[in-house]
Amino acid sequence: MRVKASFRNAICLWVLCAPMAMAPQAMAQATRNPAAAQVLFDEAQRLVDARAYAEACPKFKESYDLDPGGGTLLNLADCYEKAGSIALAWSTFKEALVAARRDGRDERVKYASQHINELEPRLTYLDVQVPADARVPGLTVFVDGAPLGDAAWGVALPVDPGPHVVRAEAPGKQAHEQTLHISASPGAREVVEIPALAEAGAAGSPAPTGLSSAPVAMDVAPSSSQRTVGWIVGGAGVVSLGVGSYFGLRAFSRWDDRNAGCVGGCTEAAKVAGDEAKDAATLSTIGVGVGVLALGVATVLIVSAPDSEERPTASALSSMQVSLLTREGGGELSVRSNW
């Protein structure tokens with residue numbers, strides 16, 4: 001996943017878990033902390049004085065997240081401008097203008113308006129066109145890793161000059177990705193057209209991601225297997241939920257790493273972190289989904305099992321293997337037995 005600072009759409013990485021897992025919304029929401037916000041603001045100001053804008057801007061942003069204020073937002077916009085992120089600075093000044101008008105701060109309104117007027121002629125644009133034959137159900141378009149809603153298709157959007165990655169995905173289709181370069185000339189506009197996506201089957205089945213749970217082997221008897229299978233499947237479900245939770249947390253962590261490296265243009269390390277965040281989010285969704293399904297099946301098997309079961313004989317014992325396999329775009333829970 002590749003995300004440029006000029007696109008402010010946040011990717012929603014969420015994990016749906018049983019009570020044992022943390023709620024992603026709670027993890028995503030920052031706790032208001034004015035004292036910490038002030039410390040970060042002061043440090044950001046020091047870095048601006050030292051012209052270390054790439055380090056200062058993330059601190060202004062974190063300060064604003066901890067204690068939103070119009071003054072901090074103006075400083076953040078100004079930092080983006082000095083760092084060379086013209087599109088991001090322009091959009092942040094727009095936000096600051098709204099906040100200043102709401103707060104009745106005329107001097108801030110004047111300051112934000114002046115910078116908006118100065119930045120607009122310097123903006124460069126990207127126009128993503130999606131023809132009718134390419135608009136299949138479930139189509140998602142990403143620009144530098146950030147989802148681009150269909151309302152923005154065909155609209156010239158401000159972006160910073162330099163390389164940008166446009167990707168289109170849809171269920172059952174091969175993803176299409178291309179990289180283009182936006183000129184630094186003021187007013188430059190690049191148009192990219194999304195082609196009709198090919199069927200996924202043309203490229204063969206997706207390869208396993210390499211994450212597979214260790215097989216669980218247990219001796220069970222065919223005449224008394226229902227309750228035992230239920231417990232095995234339930235155990236596999238718990239393992240799957242744990243895997244999903246792990247990758248959900250990793251997705252958040254790598255996304256934070258990506259954000260830290262995307263001030264004034266993403267570094268290569270930030271792009272790698274973004275890719276890993278997207279992969280981890282996919283694995284998290286698969287793991288949790290399989291886990292929830294497995295626990296549901298296990299509950300049915302255990303509850304519906306006969307109250308009394310015959311004791312197995314030695315000759316009736318056999319081996320059962322349960323395994324969890326995640327793939328790009330899907331996963332599977334398998335139960336195998338040789339009776």
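**View A. Strands β1 and β7 side by side in the predicted model.** Strand β1, residues 124–129, runs parallel to β7, and five bridges join the two. For a concrete pair to zoom in on, take D127, whose bridge partner in β7 is V191.

**View B. The open sheet that holds β1 and β7.** Pull back a little and three strands show up, in the order β4-β1-β7, with mixed pairing. The edges are taken by β4 (156–159) and β7 (189–193); each has a single partner strand, so one side of each has no neighbour in the sheet. On average, neighbouring strands here are turned by 30° against each other, direction ignored. As a reminder for looking at side chains, those in a regular strand alternate between the two faces of the sheet.

**View C. Strand β2 and its antiparallel pairings with β3 and β5.** Four bridges link β2 (residues 140–143) to β5 (residues 162–169); one pair to look for is V141 with A168 in β5. With β3 (residues 146–148), β2 shares three bridges, and here F142 stands opposite P147.

**View D. The turn of the β2–β3 hairpin.** Just two residues sit between β2 and β3. Check the backbone of D144 in this turn: its phi is positive, at about 55°.

**View E. S91 in helix α5.** This serine belongs to the helix spanning residues 86–103. S91 counts as buried because its relative accessibility is 16%, below the 20% cut-off. A polar atom of the S91 side chain lies 3.0 Å from the backbone oxygen of L88.

Methods
Residues are numbered from 1 along each chain as its sequence is written. This is a predicted model: local features need pLDDT of at least 70, side-chain atom pairs count only at pLDDT 80 or more; totals for chains, interfaces and linings use all residues. Side-chain values use heavy atoms; hydrogens and water are left out. Buried means under 20% relative accessible area, exposed over 50%, partly exposed in between (1.4 Å probe, protein chains only). A polar contact is a pair of N or O atoms within 3.5 Å; within protein, one must be able to donate a hydrogen and the other to accept it, and residues adjacent in sequence count only if both atoms are side-chain atoms. Two strands pair if DSSP finds at least two bridges between them. Axes are lines fitted to C-alpha atoms, for helices over the stretch in contact, and angles run from 0 to 180 degrees between N-to-C directions.
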